[in-house]
Amino acid sequence: EKKPFGISLDAVLPEQRLQGYKSLNLNNAYLDPTFVREVLCYHVFRRYMPACKANFVVLRINGQNWGVYVNVQQINKDMLRDWFVDEDGARFEADALLPGAVLNGSSLTWLGSSPSAYYNNYELKTPQLANPWDPLVQACGALNNGPLGTLNAVLQPELAVDSALWMLAGQIVFVNPDSYVVTGHNYYLYHDVFHDRLQTLPWGVNLPLGASFLAGSTVTQRTTWNLFTGSTNAGRPLMSRLWAVPQLRERYLAHVRTMVDEWFSWAVLQPRIAAYQSLIAAEVAADTKKLYSTAAFTSNVTQNFTTGTNTVAGLQVLVNGRRPYLLGHAEVARPAPTVTNVAHQPQSPPLGATVWVTAAVAGPAAPVGAVTLYSRAVGPFQESPMFDDGQHQDGAPNDGVFGAALPVYGPGSLVHYYVGAASAAASGGAMTFGPRTAEFAPLAVQLPYLPGSGPVRINEFLALNNSVIQDPFGEWDDWVELCNQSPLPVDVSGMCLTDDPQNPTKFQLPAGTIVPQLGTLLVWCDEDGNQGPLHANFKLSGNGESIALFAADGVTLHDAFTFGPQATDVATGRLFDGGAPWVTFPVPTPDAGNELPGCGARAYSAQSYASHTMVLAVAGSPRVGTTFSLAAQGHRPLAPGVLALSLAPTYVAIPWLSLAILVTTDPPAFLQPVGFDGSGAFALPITLPADPALAGFRAYAQAVALGAWPEASNGLEVVLCP
């Protein structure tokens, strides 16, 4: 009875959602008595490649308990918005089981130049697009045709090769044969419009970690499943072609090392497996429809389980058997360099400045060979050699620090970069990257924009609106607020708002749109233009992207801001309307000015809201002639710290410390030593004299806990009341 379910929440009511999601894929833990395999693998995969969320649910139908299911996020626009700048590209499910599919037809093999040859092998999910098949056909042509010697250069503009190698590494390390690797399906392809490349996305990850006979009929065969399985299979060109290029083979091996080092060990996986099972154990025991016994739910964690003719590997048996095989593989065991301290200077480059990237590269087990800077703004990553010669902002010659200048990118570009290093060819040329995630989670530098003119600016926005404000239709949609700092109304008819700087005219403000003098205008970012003229045709990504405001000509840039991951119901905006710095607001102010009206206090935080570990607030009223306190909580007990008080705010991010300085030292800040008590809190009383002249006095405060790893609170603006 425990069939899987696919549920469309919007089948009857178009806007209906469950916690923001419109599709549920409820899987029944087939060949997984433990219930944890699928959720566990998606959790790991999301650390290295775009992949679905997965969780556990209890399903009840008309009050009847159908037990525990694994719920996997649908690969749709909502999911793509989490990972890509633009979610509007062509999307395909590669499905070898479609009617009329040909052998190996869904595994990126070359089927000819006619799109119709691909129709029965890939299910197109976006038929409304013009020429949606072209990116797929072009990628298949580049992958399969032409000499191997030029494959990397030809393929990179068509296919996200690094991500494809991560997908292969994940499927093979975690022994998931019912995937591209063996069956040639269970993955999606998405045309990333912003970078104009095809992107692979894992899907159907429900038979990993030794559950399936497709990786061998015995558990021993599955623990030693070939790291290069399918390398000679022309029907799997991602393996047979990519692994035949030495540079790409070494990149794949680097990803295998990273995944094994960071995740594929029983010491790392066991606590998460135990936590998952503890969460669902009672519901599994009560599940009368589950496919396997309650005893198997527990025992298959550490022991093999036989069902019918198939033996499902015990999770501990599989991991403890496979890890030594992987680490002992001759190519995995080759010594690779280490890459640390990757950074760029200057941190906030002025217009036209050269940006230098440096990295510390060491080869304790083998001499260092080539060191390469990879960078891009749009499209594939460019490669630039790095040097340890004292002439590339790298310090002294031969000191182990390598440097290179970023190539020239246009004003306003968000440039992503990372560093790769290989051991000397004589030692095998093994590669590593810094960060180890390579293209998936590189570092970034924002280049300055060429400023436009006009008084209207982007003032505040909210990308994850769960409870702040509803649109006129009662929906919790994303929004962007514009502000006008002019004493006169401004007609913004025809001006363009976009989340894609490469598509500046994406949404055009309708005729007759006015931003009142010293006022604001709210635009709903909900892809729902039939609800009104101020409902834009894009949504904001909670994982970060860009917002830009262009003139009606689509060329003149008025304002832009690039942001990172957002927190639910926390807005990002300007601390002062229309001005700097950009911060986050735990209490958003949609369609109203951001500045503190009158007196009192307002909290603001770093652009990376999650970086704060303490909350600083005012206890009492900051009123002339009274006593109030600046109080912080949320830090480790009995630690030393300081409270910084200043006459002006600032914003200086220190990424490697996950810390941001929010009060300026110019003019100088007053530093008051404080000590955190046994609960990790402190309160500093401040007594104000009864002097009416103090009313309106403004100051800014931030608490910083000292130690080997400093931590900071939010910022606080305090304006004294009469």
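## Helix 9 and its two partners

A crossing of two helices is called right-handed if the near helix is turned clockwise from the far one by less than a right angle, and left-handed if the turn is anticlockwise. In this predicted model, the crossing of helix 9 and helix 11 is right-handed. Helix 9 spans residues 266–286 and helix 11 spans residues 315–328, and the two pack with their axes 10 Å apart at an angle of about 160°. Because angles over 145 degrees count as roughly antiparallel, helix 9 and helix 11 are described as roughly antiparallel to each other. On the side of helix 9 the contact is made by Trp266, Leu269 and Ile273, while helix 11 contributes Leu315, Gln316, Val319 and Asn320. Sorted by class, this contact of helix 9 with helix 11 holds five nonpolar and two polar residues, and no charged ones.

Helix 9 also meets helix 1 (residues 37–45), the axes of the two coming within 11 Å and crossing at roughly 130°. Helix 1 and helix 9 are therefore oblique to each other, and the crossing of this pair is right-handed. Here Val39, Leu40 and His43 of helix 1 face Leu269, Arg272, Ile273 and Tyr276 of helix 9. The residues of this contact of helix 1 with helix 9 divide into five nonpolar, one polar and one charged. Leu269 and Ile273 of helix 9 thus appear in the contact with helix 11 and again in the contact with helix 1.

## Helix 5 against helix 8

Helix 5 (residues 161–173) packs on helix 8 (residues 246–262) at an angle of about 50°, with the two axes 9 Å apart. That angle makes helix 5 oblique to helix 8, and the crossing of helix 5 and helix 8 is right-handed.

The residues that helix 5 brings to the contact are Val161, Asp162, Leu165, Trp166, Leu168, Ala169, Gly170, Ile172 and Val173, and those from helix 8 are Leu248, Arg251, Tyr252, His255, Val256, Thr258, Met259 and Val260. By class, the contact of helix 5 with helix 8 comprises 12 nonpolar, three polar and two charged residues.

## The four-stranded sheet

Strands of a sheet pair through backbone hydrogen bonds, either parallel or antiparallel. One open sheet in the model has four strands in the order 1-2-4-3, and the pairing is antiparallel. Strand 1 (5–8) and strand 3 (54–61) stand at the edges with a single partner strand each, so one side of each is left without a neighbour in the sheet. From one strand to the next, the twist averages 35°.

Strand 1 runs antiparallel to strand 2 (residues 23–27), and four bridges join the two. Within this pairing, Gly6 has Asn25 of strand 2 as its bridge partner. Beyond strand 2, in the loop leading to helix 1, Phe35 has a phi near 70°, which is a positive value in a residue other than glycine.

## The six-stranded sheet

Another open sheet has six strands in the order 26-25-20-19-29-30, with mixed pairing. The edges are taken by strand 26 (535–536) and strand 30 (582–585), each of which pairs on one side only.

Strand 19 (residues 456–462) and strand 29 (residues 571–574) run antiparallel and are joined by two bridges, and Glu460 has Gly573 of strand 29 as its bridge partner. In the loop between strand 29 and strand 30 lies Pro581, which is joined to Ala580 by a cis peptide bond with omega about -5°.

## A second cis bond and a salt bridge across the sequence

A cis peptide bond also joins Gly434 and Pro435, and its omega is about -5°. Pro435 is found in the loop between strand 17 (431–434) and strand 18 (443–446).

The count of salt bridges in the model comes to 21. Among them is the pair of Lys539 and Asp78, in which the closest N and O atoms are 3.9 Å apart, and the cut-off for such a pair is 4 Å. Lys539 lies in the loop between strand 26 and strand 27 (545–550), whereas Asp78 belongs to helix 2 (residues 77–81), so the pair ties together parts that are 461 residues apart in sequence.

Key
Residues numbered from 1 in each chain as written. Predicted model: local features only at pLDDT ≥ 70, side-chain atom pairs only at ≥ 80, totals over all residues. Heavy atoms only, no water. Pairing = 2+ DSSP bridges. Axes fitted to C-alpha atoms, helices over the stretch in contact; angles between N-to-C directions. Parallel < 35°, antiparallel > 145°, perpendicular 65-115°, else oblique. Contact = heavy atoms within 4.5 Å. Nonpolar A, V, L, I, M, F, W, Y, C, P; charged D, E, K, R; others polar. Salt bridge = Lys/Arg side-chain N within 4 Å of Asp/Glu carboxyl O.
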